[in-house]
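Q: Please take a close look at one part of this model: the aromatic ring pairs and what surrounds them. Where do they sit, and what lies around them?

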Amino acid sequence: MRAFSGRQGFIMDWDKLRIFHAVADAGSLTHAGESLHLSQSAVSRQIRALEVSLNTTLFHRHARGLILTEQGELLFDATSAMSRRLETAEARIRDSKEEVFGELRVTTTTGFGSLWLAPRLPKLYEKFPDLKIDLMLEERVLDLPMREADVAIRMKEPSQADLIRRKIMAVKMRLYASPHYLSAHGVPEDLAQLKTHRLISQSANATQVSAGAQLVQELLAHDVPFLLTVNNYFGVLQAVLANLGIGVLPDYVTQDFPELQRVLPDIESNDVPVFLAFPEELRQSRRIAAFRDFVTEEIIAYRKKLKAGVAA
């Protein structure tokens with residue numbers, strides 16, 4: 001099976017590239033041979049033949065194993081990209097069957113991804129052990145139509161075209177503190193008493209939802225002298241758990257951190273809509289459907305628990 005032709009006219013055999021990739025990944029002829037079910041001598045012959053066809057040395061050989069040369073690194077980058085594309089193609093092909101398989105690239109904010117989504121992923125893996133989640137946590141909005149990610153969970157409705165989007169929940173920003181902090185510093189009864197407390201919030205220059213930013217601005221208008229700012233809600237939560245002050249946090253943290261106490265319960269942000277979106281071309285993807293259904297089920301469970309807590 002032929003792979004592709006280089007600039008000098010030589011043709012690289014895919015079998016040799018596959019063996020090279022396995023050797024480079026394992027750093028050993030023996031280990032690569034075991035994974036490929038080939039003898040060490042057969043693997044060595046294929047590597048040598050590839051080096052001859054390229055007129056270059058791909059590995060430095062020493063007693064502890066093999067190390068890629070500069071030329072070997074270049075080829076390994078290429079075979080790694082090829083391997084990823086083949087895995088993606090295989091996953092898409094198998095998506096047409098009943099099984100859920102392959103890589104799913106999910107992007108969401110650092111706060112939501114680390115505080116809500118990641119702790120729930122074990123349930124998804126239990127149901128679909130062959131699914132490979134690539135979780136990309138960042139505030140930058142990735143381009144789904146350009147396939148920077150397969151599916152996104154965002155704190156506002158996506159504006160990109162050719163996307164299927166669905167509102168999955170609404171979040172409010174509220175004030176929380178640890179019992180230890182409140183025991184040591186007292187519970188504020190109104191906004192004026194925030195002057196005697198440290199406020200912990202996202203920093204003004206950090207990317208954040210407008211409702212959260214507006215709430216922080218309103219709080220700071222009461223001349224809060226003690227302030228700790230962090231560039232994401234995960235950091236805000238860690239500071240609150242460390243008894244440093246009263247934090248502005250999304251309400252979904254209360255499910256996994258029930259020890260936190262709400263402060264000034266009449267103070268909260270406007271609703272922050274949360275959307276799940278994916279490209280139109282992935283409408284039939286079973287990986288997308290599995291992830292969408294999983295998130296929906298978890299949100300329904302979250303709402304039921306929240307209502308039960310309110311009723312109690």
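A: What follows goes through the ring pairs, then a buried arginine, then the internal space.

The model is predicted. Searching the whole structure gives 4 aromatic pairs. One of them joins Phe20 and Phe59. Their ring centres are 5.5 Å apart, and the planes meet at 50°, a tilted arrangement. Phe20 belongs to helix H1 (residues 14-26) and Phe59 to strand E3 (residues 59-62), so this pair ties together parts 39 residues apart in sequence. Both rings belong to buried residues. Phe20 has 0% relative accessibility and Phe59 has 3%; the cut-off for buried is under 20%, so Phe20 and Phe59 each qualify.

Next comes the pair of Phe291 and Phe294. Their centres lie 6.2 Å apart with the planes at 50°, so this pair is tilted. Here both residues sit in helix H11 (residues 286-311). They are 3 residues apart, about one turn of the helix. Phe291 is buried at 1% relative accessibility. Phe294 is buried too, with a relative accessible area of 6%.

Ring pairs also link Phe112, Trp116 and Tyr252 into a cluster.

Two of these aromatic residues lead on to Arg120. Where does Arg120 lie? It is in the loop between helix H5 (110-117) and helix H6 (121-127). Is Arg120 buried or exposed? At 5% relative accessibility, Arg120 is buried. What do its polar side-chain atoms reach? A polar atom of the Arg120 side chain lies 2.7 Å from the backbone oxygen of Trp116, a member of the ring cluster. The Arg120 side chain also makes a polar contact of 2.9 Å with the side chain of Asp256. Setting aside neighbours within four places in sequence, Arg120 touches Leu115, Gln255, Asp256, Phe294 and Glu298. Phe294 is thus listed among the contacts of Arg120, and Phe294 is also half of the pair in helix H11.

Last, the internal space. The count is 1 cavity of 30 Å³ or more. The largest cavity holds about 40 Å³. Which residues line the largest cavity? They are Val141, Leu142, Leu144, Ala152, Arg154, Pro158, Gln160 and Leu163. By class, that lining has 6 nonpolar, 1 polar and 1 charged residues.

Key:
Residues are numbered from 1 along each chain as its sequence is written. This is a predicted model: local features need pLDDT of at least 70, side-chain atom pairs count only at pLDDT 80 or more; totals for chains, interfaces and linings use all residues. Side-chain values use heavy atoms; hydrogens and water are left out. Rings of Phe, Tyr and Trp (its six-membered ring) pair if their centres lie within 6.5 Å; planes under 30 degrees apart count as stacked, over 60 as edge-to-face and the rest as tilted. Helices (H or I, at least four residues) and strands (E, at least two) are DSSP runs, numbered from the N terminus. Buried means under 20% relative accessible area, exposed over 50%, partly exposed in between (1.4 Å probe, protein chains only). On a 1 Å grid over the protein atoms alone, a cavity is a set of points where a 1.4 Å probe fits but cannot get out, and a pocket is an open set with protein on both sides within 12 Å along at least five of seven lines; lining residues have an atom within 4 Å of a point. Grid points are joined across faces, edges and corners, and a volume is the space filled by probe spheres set on the points. Ala, Val, Leu, Ile, Met, Phe, Trp, Tyr, Cys and Pro count as nonpolar, Asp, Glu, Lys and Arg as charged, and the others, Gly among them, as polar. A polar contact is a pair of N or O atoms within 3.5 Å; within protein, one must be able to donate a hydrogen and the other to accept it, and residues adjacent in sequence count only if both atoms are side-chain atoms. Contact means heavy atoms within 4.5 Å.
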